[in-house]
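Grab a pencil and open the viewer. Below are a few exercises, each followed by a worked solution.

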Amino acid sequence: MNRLATTFTGLEFENPFVLASAPPTESKRKILKAFEAGWGGVVTKTIGLHPVENVAGPKTIFQRTSEEKPYVSRNKRPDTVSHSSWNWELISDQPLELWLPDLEDIKTTYPTRRVIASIMAGAGNDEEMENWKKLARAVVGVGCDAIELNMSCPHMDRKDMGANIANDETIIREIMAAVKVAVDVPIWVKLTPATSTLVDAAGAAYEAGAASISLCNTFPSLPLMDPETLKFEVEVDGLVTSGGLGGLAILHQALQRVCDISQAYPDQAISGIGGIRGWREAFNFIAMGAGNLQVCTAAMEEKGSGGVGVKLIQELKDDMLDYMDRKGYASLEEFRACARHRIVQHAQVRRKSGSYNGGYLAAE
Ligand SMILES: Cc1cc2nc3c(=O)[nH]c(=O)nc-3n(C[C@H](O)[C@H](O)[C@H](O)COP(=O)(O)O)c2cc1C
């Protein structure tokens with residue numbers, strides 16, 4: 001029996017580890033390599049209909065820190081460990097027409113692995129709703145198992161796209177309604193963590209028929225400036241803009257948000273993303289209620305694997321199985337959400353005196 005097998009949003013996964021929408025899933029070549037290495041699924045790099053052109057400089061940097069005089073920088077130094085990725089990469093620059101035959105080939109070669117197509121269009125008018133439908137129909141037509149709606153890209157100038165729309169419940173419902181009439185596969189909705197109304201946004205998506213929330217995309221953030229040179233660690237002609245922070249640095253914040261959604265909607269599905277480098281981080285997302293796990297930065301950082309985490313997926317599977325052996329778990333479901341009920345309000349935590357917030361709770 002495959003103890004890592006899961007059923008998530010009605011789809012069977014050989015294992016719950018999925019490459020997130022990003023460079024590791026930007027091409028047929030990389031996706032085939034990822035499946036050969038053993039990933040349970042991929043979410044494709046986001047596919048859109050509007051042409052994109054990336055900045056004239058590096059799109060992603062990997063930042064490291066050290067124990068000695070610790071500071072975060074992309075500069076290569078001895079004895080450093082990974083801190084985060086920072087990127088301002090736009091969605092896929094491969095047009096839909098070229099993606100479709102690639103997706104079909106991938107599904108034919110690996111029929112039992114899950115391919116989730118990430119798609120993105122705008123909002124606010126019928127034409128954009130038609131764009132969502134067109135993208136959805138096209139990718140499902142060539143065999144994609146599910147769709148992930150990108151409502152979370154942190155560096156879109158357009159006000160009707162990406163993270164800019166993620167706290168607008170009306171827009172979430174409109175897009176969901178459009179995509180739902182177009183296709184009959186599970187719809188995952190990827191939200192931005194950068195909103196104070198995340199739980200409401202997730203609620204609107206679930207209510208409108210989302211099979212899962214994917215959380216989280218990168219956190220809007222700025223790169224650092226070198227005090228000596230006054231250059232940003234990444235810039236073009238001296239200029240930079242808000243980009244997205246990923247990797248270990250966002251793990252705790254991602255966990256908290258996954259927990260918020262999981263507590264508010266305990267019967268709904270969540271795909272956990274943000275800072276997963278090994279089975280311990282994956283465990284923590286599962287313990288908060290996630291039933292599926294997505295990885296980006298750690299796979300990109302692995303040297304010699306073409307950026308798809310060949311060693312990483314083997315380790316994730318082996319180490320998780322090892323843990324399950326030690327604990328006697330037959331499946332991930334046996335410990336999923338085991339931590340959720342232990343996240344409480346501050347007043348519910350015992351004070352030094354033995355009381356609970358001065359007896360506030362006892363009086364209730
Ligand atoms: C270079 C880069 C490009 C990304 N592109 C996309 C994208 O096109 N669509 C999307 O939904 N998320 C995109 N992401 C976000 C990742 O899918 C993921 O949500 C985020 O990096 C957090 O996971 P991590 O901590 O494992 O990196 C991108 C991330 C990086 C680093």
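Before we start, one term: a helix axis here is a line fitted to C-alpha atoms over the stretch in contact, and an angle between axes runs from 0 to 180 degrees between N-to-C directions. Keep in mind, too, that this is a predicted model.

**Exercise 1. Work out how helix H6 and helix H7 pack against each other.**

Solution.
- Step 1: Two packed helices are described by the angle between their axes and the distance between the axes.
- Step 2: Find H6 at residues 251-264 and H7 at residues 279-288; their axes make an angle of about 20 degrees and lie 9 Å apart.
- Step 3: Angles under 35 degrees count as roughly parallel, so H6 and H7 are roughly parallel to each other.
- Step 4: Add the handedness: H6 passes H7 in a right-handed crossing.
- Step 5: Look at who touches whom. Leu251, Leu255, Val258, Cys259 and Ser262 are the H6 side, and they meet Glu281, Asn284, Phe285 and Met288 of H7.

**Exercise 2. Decide whether the residues of strand E10 are buried or exposed, then find its neighbours.**

Solution.
- Step 1: The cut-off for "buried" is 20 or more other C-beta atoms within 10 Å. In E10, residues 187-191, 5 of 5 residues are buried.
- Step 2: Check both faces. Ile187, Val189 and Leu191 sit on one side, Trp188 and Lys190 on the other, and all are buried.
- Step 3: Take one neighbour, strand E9 (residues 146-151). E9 and E10 pair in the parallel sense over 5 bridges, and isoleucine 147 has isoleucine 187 of E10 as its bridge partner.
- Step 4: Follow the chain from E9 to E10: it goes through helix H4 (residues 169-182), and this β-α-β crossover is right-handed.
- Step 5: Now take strand E11 (residues 212-215). E10 pairs with E11 in the parallel sense over 3 bridges, with tryptophan 188 opposite serine 212 of E11.
- Step 6: Trace that link as well: from E10 the chain passes through helix H5 (residues 198-207) to E11, again a β-α-β crossover that is right-handed.

**Exercise 3. Lay out the sheet that contains E6, E7, E13 and E12, and say which strands are at its edges.**

Solution.
- Step 1: Write down the order. The 4 strands form an open sheet, E6-E7-E13-E12, with antiparallel pairing.
- Step 2: Pick out the edges. E6 (60-66) and E12 (219-221) each have a single partner strand, so one side of each is left without a neighbour in the sheet.
- Step 3: Note the twist, which averages 40 degrees from one strand to the next.
- Step 4: Zoom in on one pair. E6 and E7 (residues 80-87) run antiparallel and are joined by 7 bridges; glutamine 63 is partnered by serine 84 of E7.

**Exercise 4. Where do aspartate 79, aspartate 237 and cysteine 216 lie, and what does the backbone do there?**

Solution.
- Step 1: Most residues other than glycine have a negative phi, and most peptide bonds are trans.
- Step 2: Aspartate 79 is in the loop between E6 and E7, and its phi is positive, about 55 degrees. Aspartate 79 counts as exposed because it has 8 C-beta neighbours inside 10 Å.
- Step 3: Aspartate 237 is in the loop between E12 and strand E13 (243-246). Its phi is also positive, about 55 degrees, and with 8 other C-beta atoms within 10 Å, aspartate 237 is exposed.
- Step 4: Cysteine 216 lies in the loop between E11 and E12. A cis peptide bond joins leucine 215 to cysteine 216, with omega about 15 degrees.

Definitions and conventions. Residues are numbered from 1 along each chain as its sequence is written. This is a predicted model: local features need pLDDT of at least 70, side-chain atom pairs count only at pLDDT 80 or more; totals for chains, interfaces and linings use all residues. A residue is buried if 20 or more other C-beta atoms lie within 10 Å of its own, exposed if 12 or fewer, and partly exposed in between; C-beta atoms are placed from the backbone. Helices (H or I, at least four residues) and strands (E, at least two) are DSSP runs, numbered from the N terminus. Two strands pair if DSSP finds at least two bridges between them. A crossover is right-handed if, with the strands pointing away from the viewer, the path from the first strand over the helix to the second runs clockwise. Angles under 35 degrees count as roughly parallel, over 145 as roughly antiparallel, 65 to 115 as roughly perpendicular and the rest as oblique. A crossing is left-handed if the near helix is turned anticlockwise from the far one by less than a right angle, and right-handed if clockwise. Two residues are in contact if their C-beta atoms, placed from the backbone, lie within 7 Å.
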